[in-house]
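User: I am new to this structure. Can you teach me how to read it, feature by feature?

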Amino acid sequence: MRKSLWAILAMVLAGGCAQVPPEMQVVDDAAAALGGKDRMQSAKTLVIEGEGSAPNVGQNTMPDGELPVWKVTQFKRTIDLANRRTRVQQVRTAQFLFANATVQRQNQGLDGDVAYNVGPDGKATRAGDVAAHDRRIELLHHPITIVRAALDPAAKVANLRQQGQEQLVDVTTAKGDTLTLAVDAATKLPSRVRSMSDNANMGDVAIETTFSGYEEVNGLKLPKRLTTKMDKYLQFDMQVAKNTVDADAGDLAAPEAVKSAAAPAPAAVSVTAEPVGKGIWWLAGSGNHRSVVFEFDDHLTLFEVPVNEARSKAVIDKARTLSQKPLAQAIVSHHHFDHSGGLRVAVAEGLTIITQRANEAFFKDLIARKHVIAPDALAKNPKPLKMELVDDELTLKDTSMEVHLYHLLDNPREGTNLFAYVPRDRILVQADLYDSTWQQHLWGENVLWNIEHRKLRVDKDVPVHGQIEPFAQMVRTIKAKSSIPAGN
Ligand SMILES: [Zn+2]
């Protein structure tokens, strides 16, 4: 009798063990494959060094063209696992024509909820809450950090499903962030991590990092290659040269002055309106993306709805204060993300979009995309996309105003760019052709050739980036700083 009781108890206990929820079993298996729960939990620091390439999403010459790429060297991510601190240092070098510093050193930290950036002088300044959130999620895009987070008793693991050769579970961390962990069904090693995010242009996007080339280091299995994509775009492809476990990682705590400083609020949007000719206003203010308003007989036309919804809505509102006439059209100079960021709000406000024909499919896609995570104006108030497409040139003309739009030809950086010319005032309106603050003007000679080719007699540049300048000054600056480095 006594013996059978023990036997029953043993069966109950064994049964209890077998009843680890199947979704948690996936996490346990992953932990075992990575070196065992104990080793995972006892690891204190992780240093990942390597190099790779980081495409510049939203800045290609054509909307479906290859992305310009930053070459990343001296990449070093240091993680203090126990204290949830990290530091990323890297050098990136532009492999494309770029108007500003082509070599950039970056040094970014995260200490709990405090994000900070370290300048070249070693001075740390606090970064905003969005940066803190993004870096916290990014830190979880690694097998060790995501599985440790999933093992936390305060985490929730749910929604086990099989997809091809992978088992997927959703992990909601103790902090409340939800990510999807995929584990290879054969090796039990994490194959990828996915998180969902909102992108101003693209709306709901999956950010996914795949792991491969696992090696064993100090009792842990660590990937040698990490490839991160945002939606269909490659964001960072990293080859790890060296993984180090439990090295002295130094002090990754945010400096006291940073911790006690308030997180900087997102910059307030302001829009000013400066008349630059009869019925022409330059809308500047905060930031370095300006717009221009043209007044026709019975309507207004806006040149550029840039950056994002907040900027573009403020610009649209400002334009509507300048005249009783309705704002009817928005010229979108080109498809780059910082110039098409207001496309959706412009459509929601009922404006007809005027743009170069090569943007048609891309803009239709941007309008059709889901914005569920952070519903924008168009998601809340769907409107059809009205487009007027320009091939080589288009003249907008009535008795009040005459504006010529031209496709910028043969430019190595800008494949879909439309610039404007007002013959009455000899004003050039342009985006990304020239900015007086740029360090170099690598495509400036092409811009001057385009102006000559169209036989324009420009007196004044009224730009989207930078300040209004006499055209003669623009030409002088381009001539002085247009030297293309040897080898290009
Ligand atoms: Zn630009």
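Analyst: We will go from the whole chain to the domains, then to one sheet and the cores. Keep in mind that this is a predicted model.

User: How many helices and strands are there in the protein chain?

Analyst: The protein chain holds 13 helices and 28 strands. Its C-alpha trace spans about 105 × 50 × 45 Å along the principal axes. Of its 488 residues, 39% count as buried.

User: What do the contacts in the protein chain say about separation along the sequence?

Analyst: Take the contacts with a separation of 6 or more. Residues 24 or more positions apart account for 58% of them.

User: Into which domains is the protein chain divided?

Analyst: There are two entries: domain 1 covers 21-260, and domain 2 covers 271-480. Their centres, taken over C-alpha atoms, are separated by 37 Å. The contact takes 18 residues from domain 1 and 29 residues from domain 2.

User: Which elements give two or more residues to the side of domain 1 that touches domain 2?

Analyst: Strand 10 (190-199) and strand 11 (203-212) do. By class, that side of domain 1 has eight nonpolar, seven polar and three charged residues.

User: Now the sheets. What is the general idea?

Analyst: Strands of a sheet pair through backbone hydrogen bonds, and the pairing is either parallel or antiparallel. Here, seven strands form an open sheet in the order 16-17-18-19-20-21-22, with mixed pairing. Strand 16 and strand 22 (387-390) are the edge strands, as each pairs on one side only. On average, neighbouring strands of this sheet are turned by 25° against each other, direction ignored.

User: How many bridges link strand 16 and strand 17, and in which sense do they pair?

Analyst: Strand 16 (residues 271-277) pairs with strand 17 over six bridges, in the antiparallel sense. Two of the partners are easy to find. A273 has L283 as its bridge partner in strand 17. G277 has I280 as its bridge partner there. The two strands form a hairpin with two residues between them. In that turn, G279 has a positive phi of about 70°.

User: What joins strand 17 to strand 18?

Analyst: Four bridges do, and the strands run antiparallel. Strand 18 covers residues 291-295. Its S291 stands opposite L283. This hairpin has five residues between the strands, and G287 takes a positive phi near 80°.

User: Is strand 17 mostly covered or mostly open?

Analyst: Mostly covered. Strand 17 (residues 280-285) has six residues, and five of them are buried.

User: What should I look for in a core?

Analyst: In soluble globular proteins, nonpolar side chains tend to be buried together. In this model, the largest nonpolar core has 58 residues. L283, V292, L302, A346 and I353 touch the most other members. A second, separate core has 28 residues, including I48, I146, V147 and V193.

User: Which residues does V292 touch, not counting those up to four places away in sequence?

Analyst: V292 touches I280, W281, W282, L283, F303, E304, V429 and V462.

User: Which residue should I revisit to tie these features together?

Analyst: Try L283. It is the bridge partner of A273. L283 also stands opposite S291 in strand 18. And L283 is among the residues that touch the most other members of the largest nonpolar core.

How values were computed. Residues numbered from 1 in each chain as written. Buried ≥ 20, exposed ≤ 12 C-beta atoms within 10 Å, placed from the backbone. Contact = placed C-beta atoms within 7 Å. Domains from an automatic or database assignment. Nonpolar A, V, L, I, M, F, W, Y, C, P; charged D, E, K, R; others polar. Pairing = 2+ DSSP bridges. Axes fitted to C-alpha atoms, helices over the stretch in contact; angles between N-to-C directions. Core = buried A, V, L, I, M, F, W, Y, C linked by C-beta atoms within 7 Å.
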